[in-house]
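Welcome! Take a moment with the sequence and the 3D view, and then let us walk through them together.

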Amino acid sequence: MKKVGVALLGLGTVGGGTYQILTSMKEKIKQTEGVDIDVLYIIDRNKDRAKKFGLDPKMISEDFDAVLKDDRVSIIAEFFGGIEPARTYLLKALKAGKSIVTANKEMFSKHWHELELAAVEGNAGLYFEATSAGGVPIIRALTESMQGNEILSIQGIVNGTTNYILTKMADEGRDYLSVLKEAQDLGYAEADPTADVDGYDSMYKLSILSSLCFKKRVPIDVIYREGISSIEKIDIEYGSRFGYTLKLLAIGKMNNGKIEARVHPSFISNDNPLASVKGSFNAVLINGTNVGDVMLYGRGAGDLPTGSAIVSDIVFCAQQTKHKVMRFGRVNVEEDFEDDFECEYYVRMNVVDKPGVLAKIAATFGKYEVSINSVEQIAAKGAADIVFMIHKTQESAISKAIKEIKSLDIVNKVNSLIRVL
Ligand code: NDP
Ligand code: HSE
């Protein structure tokens, strides 16, 4: 039986879940997978975490050099989070021939290329299933099961925290901040939750997933990003009147040889399969030229779901005799990426309630070839909330129209602009 020594970097949410699965499933993994995995080191600066897992605090140290020097350790699994020291530790490990498993999507999406070069240099493996959509095995599906397709699009709910918040706001009429606190307590949120609510976490995941889909490195700086922190309950309510559910979507598309990549709140029709994905669940919908639509659904965050993805990578890595290296084409930002896109839109604004107001706003939309599908006015004293549904138009066109509308003296505020898919 192949014996495999593992070091865990971090014993927080993901590290804790991983440790629990590796210990509780040790015998089962030996029997079914033919590898005997031992956790030889746990690196964490917080020794108190040992208690929760019935571990001797002496088992936890901060001595990464000891891990590097120990020939029994062949796999290092990282869940510190942040860029440093994770990046430096993993580069050193790979160059020393130790394989890496990571959940750290921020570091991975920003430093994938150099990690891969180090993996080649050290003849080591680089595995990252847990970086994208937690427990959902989307990376393995894209790398091992879609070779008979060109992938045309990927659309996903890839952040558990924001999906949890939007679900509770819609179903229970709760406000944003109280639900965010709950998601943090449940271990879904990042250390700094702005990474979740401002869409950075989804952007890191989309960078990784769309690179795998389109076989070209999709850097984070070509991804349009907008989060949910300015979403108001009232927009979710108005949207539902039109038969829409609000989701934070990560979208990647191949259009005439150009990649379009964006993260933003999106109204989707209630009968879209992604609309029924609730709570911290994630789902990813891929469209391939030959298979058509494929959807994967599961828990996108939390200790055991993410630990499940990490353990799967550790087992897979331990079973390889030669590690596979990704190959990506070179990218040229101007030639390969689309910087504009087409959508329908929901626009809510507060305006002065007097004759001629609607005509002025409609004329401004018209000036930029933006066509109104429907208008609903909710009257109030002296001012009115108006919701416009806009036909499919270019993002660049509606941006110009909204900029001019904001400057009209009859418009008090443009409260929200939400893309409708
Ligand atoms: P936690 O904060 O729960 O755990 C991280 C642990 O690592 C903490 O105990 C932390 O100590 C320790 N640590 C961090 N840096 C160091 C260091 N330099 N030296 C020693 N110990 C260190 O984070 P999570 O487990 O939630 O997340 C870890 C990673 O996994 C992140 O990259 C995250 O994006 C990713 N991830 C998280 C998921 C989740 O559901 N939570 C799901 C998928 C991926 P201290 O507490 O003192 O900071
Ligand atoms: N903070 C992330 C989320 C963890 O809420 O989805 C999983 O990557």
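Which residues' side chains meet in a salt bridge of 2.8 Å, N to O? They are R262 and E260, and both of these residues are buried. Before we go on, please keep in mind that this is a predicted model.

That pair is one of many. Searching the whole structure turns up 29 salt bridges, and a few of them make good landmarks. E27 and K30 form one, with 3.5 Å from N to O between their side chains. Both residues sit in helix α2, which covers residues 26-33, and because they are 3 residues apart there, about one helical turn separates them. E27 is partly exposed, at a relative accessible area of 46%, and K30 is partly exposed too, at 22%.

Another salt bridge links E226 with R419, whose side chains meet at 3.1 Å, N to O. E226 belongs to the loop between β8 (224-225) and α12 (233-241), while R419 belongs to strand β16 (residues 411-420), so this pair ties together parts that are 193 residues apart in sequence. How covered are the two partners? E226 has 25% relative accessibility and therefore counts as partly exposed, because the partly exposed range runs from 20% to 50%. R419, at 2%, counts as buried. Salt bridges can also join up into a network, and here one links K3, K26, D36 and D38.

Now turn to the strands. How many of the 9 residues of strand β2 are buried? The count is 7, so this strand, residues 35-43, is mostly covered. Strand β2 has a partner in strand β1 (residues 2-9): the two pair in the parallel sense, over 8 bridges. To find this pairing in the view, look for L8, which stands opposite I42 of β2. Strand β2 also runs parallel to strand β3 (residues 60-61), and 2 bridges join them. Here the place to look is I43, which stands opposite S61 in β3. As you trace a strand, it helps to know that side chains in a regular strand alternate between the two faces of the sheet.

A further strand to visit is β5, residues 99-102, where you will find S99. With a relative accessible area of 5%, S99 is buried. Which residues does S99 touch, leaving aside those up to four places away in sequence? They are S74, I75, I76, A124, G125, C317 and H323. With H323 there is also a polar contact, in which the two side chains come to 3.4 Å.

The model holds ligands as well, and ligand 1 is a good one to start with. It is surrounded by 20 residues, of which the closest are D44, R49, K105, E190 and G302. Several polar contacts can be picked out. The side chain of E190 has an N or O atom 2.7 Å from an oxygen atom of ligand 1, and a polar side-chain atom of R45 lies 2.8 Å from an oxygen atom of the ligand. G187 takes part through its backbone instead, with an N or O atom 3.2 Å from a nitrogen atom of ligand 1. On its own ligand 1 would expose 880 Å², and the protein buries 82% of that area.

Next comes ligand 2. The residues around it include K105, N159, G160, Y188, A189, E190, D201, G300 and A301. T161, D196 and K205 also surround this ligand, and each has a side-chain contact to look for. An N or O atom in the T161 side chain is 2.6 Å from an oxygen atom of ligand 2. For D196, the side-chain atom is 2.7 Å from a nitrogen atom of the ligand, and for K205 it is 2.7 Å from an oxygen atom. Taken alone, ligand 2 exposes 250 Å², of which the protein buries 93%.

Our last stop is T162, found in helix α8, residues 160-172. Is T162 buried or exposed? Its relative accessibility is 1%, so T162 counts as buried. Apart from residues up to four places away in sequence, T162 touches D196, V197, I228 and L248; D196 is the residue whose side chain we just met beside ligand 2. For a sense of distance, compare T162 with K47: the two are 115 residues apart in sequence, and their C-alpha atoms are 31 Å apart in space.

Note on methods. Residues numbered from 1 in each chain as written. Chains lettered and ligands numbered in written order. Predicted model: local features only at pLDDT ≥ 70, side-chain atom pairs only at ≥ 80, totals over all residues. Heavy atoms only, no water. Helix = DSSP H or I, 4+ residues; strand = E, 2+ residues; numbered from the N terminus. Buried < 20%, exposed > 50% of the residue type's maximum accessible area, 1.4 Å probe, protein only. Contact = heavy atoms within 4.5 Å. Pairing = 2+ DSSP bridges. Near = heavy atom within 4 Å. Polar contact = N/O pair within 3.5 Å; in protein donor to acceptor, adjacent residues only side chain to side chain. Areas by Shrake-Rupley, 256 points an atom, 1.4 Å probe, with all protein chains shown as cover. Salt bridge = Lys/Arg side-chain N within 4 Å of Asp/Glu carboxyl O.
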